[in-house]
Structures are given as C-alpha cells and as structure tokens.
Amino acid sequence: NDEVIESEQNKSLDNSSISQNLVRYRINKNHAYFYSRPDSNFRTNAYLILGESIESSLVENGYAYVEYKNQQGKSTIGWILLSDLQWIKFLAIHTKI
C-alpha cells in the first residue's frame with residue numbers, strides 16, 4: 001500500500017527527532033557530502049554519488065549517520081543530509097520497552 005510506505009518513510013525522515021531504526025537509502029543527488037557532525041557547518045570533502053545505496057540506524061537533526069565502505073575496502077564515516085537520500089525500506093525497527 002503506497003500510503004503505508006509513504007507514512008513509514010515520513011516517520012524515518014522526521015528532522016526534529018532521533019531515530020534508531022535500520023533503514024536503507026539511495027543517494028538522490030549528484031554529490032551527497034559527508035558531515036563530521038549533524039550540522040551544516042561541518043561539511044567534509046568526502047561524498048557519495050547518485051544511485052549509491054547506504055544503510056543507517058541513526059538519524060539526528062535532519063542527517064543520517066553512515067559508515068560507507070568502497071570497493072577498495074576504505075571506510076568513510078559521517079553524517080549525510082536526509083534531503084540527499086531517498087528512503088528505500090526499513091531493515092529493522094528498534095523499539096523501547
């Protein structure tokens with residue numbers, strides 16, 4: 001059901017809260033830059049390109065925390081703007097008891 005998917009997507013993209021659900025995203029910009037903190041003042045030179053797929057389990061202040069490993073095995077860790085990501089699906093949902 002498209003309405004359910006859109007509703008679930010909006011929950012994961014809530015910029016004002018902290019989420020800890022494991023979510024798969026696809027990069028939807030030509031260059032999605034990494035930030036060292038979830039803040040626009042901390043942009044790095046590292047970026048991912050359009051169409052790459054990533055996973056994140058932490059969303060804060062409009063950013064997703066990502067660890068990306070390239071084909072050579074080099075890891076890049078940081079925050080990517082949610083607006084640079086297209087939600088694909090939930091992989092796991094964490095709930096507090």
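Strand 4 is a good place to start, since its side chains alternate: I54 and S56 are buried and point to one face, while S53 and E55 point to the other face and are not buried. That fits the usual picture, because side chains in a regular strand alternate between the two faces of the sheet. The model here is a predicted one, so everything below describes computed geometry.

Zooming out, the protein chain comes to one helix and eight strands. Read from the N terminus, the order of elements is α-β-β-β-β-β-β-β-β. Of the 97 residues in the protein chain, 28% are buried. Contacts reach well along the sequence: taking those between residues at least 6 apart, 58% join residues at least 24 apart.

Back at strand 4, the partner to look at is strand 1. The two run antiparallel and are joined by four bridges, with V23 standing opposite S56 of strand 4. A salt bridge also connects these strands. R24 pairs with E55, and their closest N and O atoms are 2.5 Å apart. R24 sits in strand 1 (residues 22–27) and E55 in strand 4 (residues 53–56), so the pair ties together parts that are 31 residues apart in sequence. Neither end is buried: R24 is partly exposed at 26% relative accessibility, and E55 is partly exposed at 35%. The salt bridge count for the model comes to one.

The other face of strand 4 leads into the nonpolar interior. The largest nonpolar core has 16 residues, and the members touching the most others are Y25, L48, I54, A64, V66, I80 and L85. Strand 1, strand 2 (31–35), strand 6 (63–69) and strand 8 (85–92) are the elements giving two or more residues to this core. L85 shows how these pieces meet. Setting aside neighbours within four places in sequence, L85 is in contact with Y25, R26, I27, N28, I54, A64 and I80.

Aromatic rings add another set of links, with three aromatic pairs counted. One of them is Y65 with W79: the ring centres are 5.0 Å apart and the planes meet at 65°, so the pair is edge-to-face. Y65 belongs to strand 6 and W79 to strand 7 (residues 75–81), and the pair links distant parts of the chain, 14 residues apart. The two residues differ in burial. W79 is buried, at 8% relative accessibility, whereas Y65 is partly exposed, with a relative accessible area of 34%.

W79 also turns up in the surroundings of Y33, a residue of strand 2. Leaving out neighbours within four places in sequence, Y33 is in contact with R43, T44, N45, A46, Y47, W79, I80 and D84. The R43 contact has a particular geometry: the charged end of R43 sits over the ring of Y33, 3.7 Å from the ring centre. Y33 counts as partly exposed, because its relative accessibility is 21% and the buried class is set at under 20%. Y33 also comes within 9.1 Å of G78, taken between C-alpha atoms, although the two are 45 residues apart along the chain.

Definitions and conventions:
Residues are numbered from 1 along each chain as its sequence is written. This is a predicted model: local features need pLDDT of at least 70, side-chain atom pairs count only at pLDDT 80 or more; totals for chains, interfaces and linings use all residues. Side-chain values use heavy atoms; hydrogens and water are left out. A salt bridge is a side-chain nitrogen of Lys or Arg within 4 Å of a carboxyl oxygen of Asp or Glu. Buried means under 20% relative accessible area, exposed over 50%, partly exposed in between (1.4 Å probe, protein chains only). A nonpolar core is a set of buried Ala, Val, Leu, Ile, Met, Phe, Trp, Tyr and Cys residues joined through side-chain atoms within 4.5 Å. Contact means heavy atoms within 4.5 Å. Rings of Phe, Tyr and Trp (its six-membered ring) pair if their centres lie within 6.5 Å; planes under 30 degrees apart count as stacked, over 60 as edge-to-face and the rest as tilted. A charge sits over a ring if NZ of Lys or CZ of Arg is within 6 Å of the ring centre and within 35 degrees of the ring normal. Two strands pair if DSSP finds at least two bridges between them.
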